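User: I am new to this structure and would like to learn how to read its features one at a time. Could you take me through some of them?

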Amino acid sequence: NQTVSVDYTNSLGCSALEPTVFNVTVAPLPAAAGSISGTTPVCAGTNGVVYTVPVIANAVSYNWTVPAGATIVSGSATNAITLNFALTASSGVVKVNGVNTCGSGAASPNFTVLVNPVPATPVITQHLDTLTSSAASGNQWYLNGLIIPGATGKKHVAVYTGYYTVVVTLTGCSSAPSNSILVLPVSTGGFEVSNSFDVYPNPNNGQFNIRVTSAKPVELNIEIYNSLGALLWKQEKVNVDGTYITPVSLDAVPAGVYMVALRNLNTNIVRKVIIMK
């Protein structure tokens, strides 16, 4: 801050009693903005994402730049903004500079925000007890709205009656739930089993036997599922011609009701087994 003063001398050599003084206040520009803090990556369609910068000296307002498809919903003139990202938002830069009556200060370093797309909503189809997702990867299956642990393949064999859906998650972003399919008990088709699919002893402590008797040669998969439909144990391509017995040890599972299933392309037969500990 300085002053501007003026005096005079006339033709007779006389001056003013004192000069006129004008005080000049020199206001500084805003300081350079610091580094921005916030979230990256984000999913398209995400709302309420906060980005902040340290308070900028001498700034009375803040000028923010955000990626295409992002909207500032609060704090636009402050050092903390909240963004909503549209489903069509794209990756880009967040930056800011301070502003006052003298002009704009130097902008912050660019903060690059990666915006990942939301996967397309999958569609599931059913053939007998097998459900298939339209998505090649990232699937997570649900039964009656509850996650089925370990059920993350493109296909899922439905053991229990109920409503099945799938959600696809890629690069940390999840789709909307798929269409819901009600799975009812599947017909046994032409499977030649003569009253001879047994689990014994039942109840048991996790150690039991599975016995299958077939009137003619047949190839089967034998599978055991928990109450959420997660696969726990499996024997594939078992050839049954007469009587087949296999021991099972499920010592590590908790007490509860489990399902033992016999399957092939045309068959699904299920027996309950109770494990008590």
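Analyst: What follows is a short walk through strands, burial and contacts, and please keep in mind that the model is predicted.

User: Let me begin with strand pairing: in what sense do strand S21 and strand S23 pair, and over how many bridges?

Analyst: Pairing is read from the bridges that link two strands, and here S21 (residues 207-225) and S23 (residues 256-264) are antiparallel, with five bridges between them. One position to look up is asparagine 221, whose bridge partner in S23 is arginine 263. S23 also pairs with S24, again in the antiparallel sense, over nine bridges, and valine 260 has arginine 271 of S24 as its bridge partner. Between S23 and S24 the chain passes through a hairpin of two residues.

User: How many buried residues are there among the five residues of strand S2?

Analyst: The count is zero, so a residue under 20% relative accessible area, which is what buried means, is not found in S2 (residues 20-24). This hardly covered strand is joined to strand S1 (residues 2-6) by five bridges, the two running antiparallel, and threonine 20 in S2 is the bridge partner of valine 6.

User: Is serine 178 buried or exposed?

Analyst: Burial is judged by relative accessible area, and serine 178 counts as buried because its value is 9%, where the cut-off is under 20%. Serine 178 sits in the loop between strand S18 (173-174) and strand S19 (181-183). Its side chain comes to 3.0 Å from the backbone nitrogen of valine 166, and, with neighbours within four places in sequence left aside, serine 178 is in contact with Thr121, Pro122, Ile124, Thr165 and Val166.

User: Which residues does glycine 92 touch, not counting those up to four places away in sequence?

Analyst: Contacts show which parts of the chain meet in space, and for glycine 92 they are Pro67, Phe111, Thr112 and Val113. Glycine 92 belongs to strand S8 (residues 92-100) and is buried, at a relative accessible area of 15%. Serine 74, by comparison, lies 18 residues from glycine 92 in sequence, and their C-alpha atoms are 19 Å apart.

User: Which residues make the nonpolar surface patch of about 260 Å²?

Analyst: A patch is read by asking which residues together make up an area of surface, and this one is made by Val257, Ile274 and Met276. Isoleucine 274 is placed in strand S24 (residues 267-275), and with a relative accessible area of 36% isoleucine 274 is partly exposed.

Notes
Residues numbered from 1 in each chain as written. Predicted model: local features only at pLDDT ≥ 70, side-chain atom pairs only at ≥ 80, totals over all residues. Heavy atoms only, no water. Helix = DSSP H or I, 4+ residues; strand = E, 2+ residues; numbered from the N terminus. Buried < 20%, exposed > 50% of the residue type's maximum accessible area, 1.4 Å probe, protein only. Polar contact = N/O pair within 3.5 Å; in protein donor to acceptor, adjacent residues only side chain to side chain. Contact = heavy atoms within 4.5 Å. Patch = residues over 30% accessible without salt bridge, like charges linked within 9 Å, V, L, I, M, F, W, Y side chains within 5 Å. Areas by Shrake-Rupley, 256 points an atom, 1.4 Å probe, with all protein chains shown as cover. Salt bridge = Lys/Arg side-chain N within 4 Å of Asp/Glu carboxyl O. Pairing = 2+ DSSP bridges.
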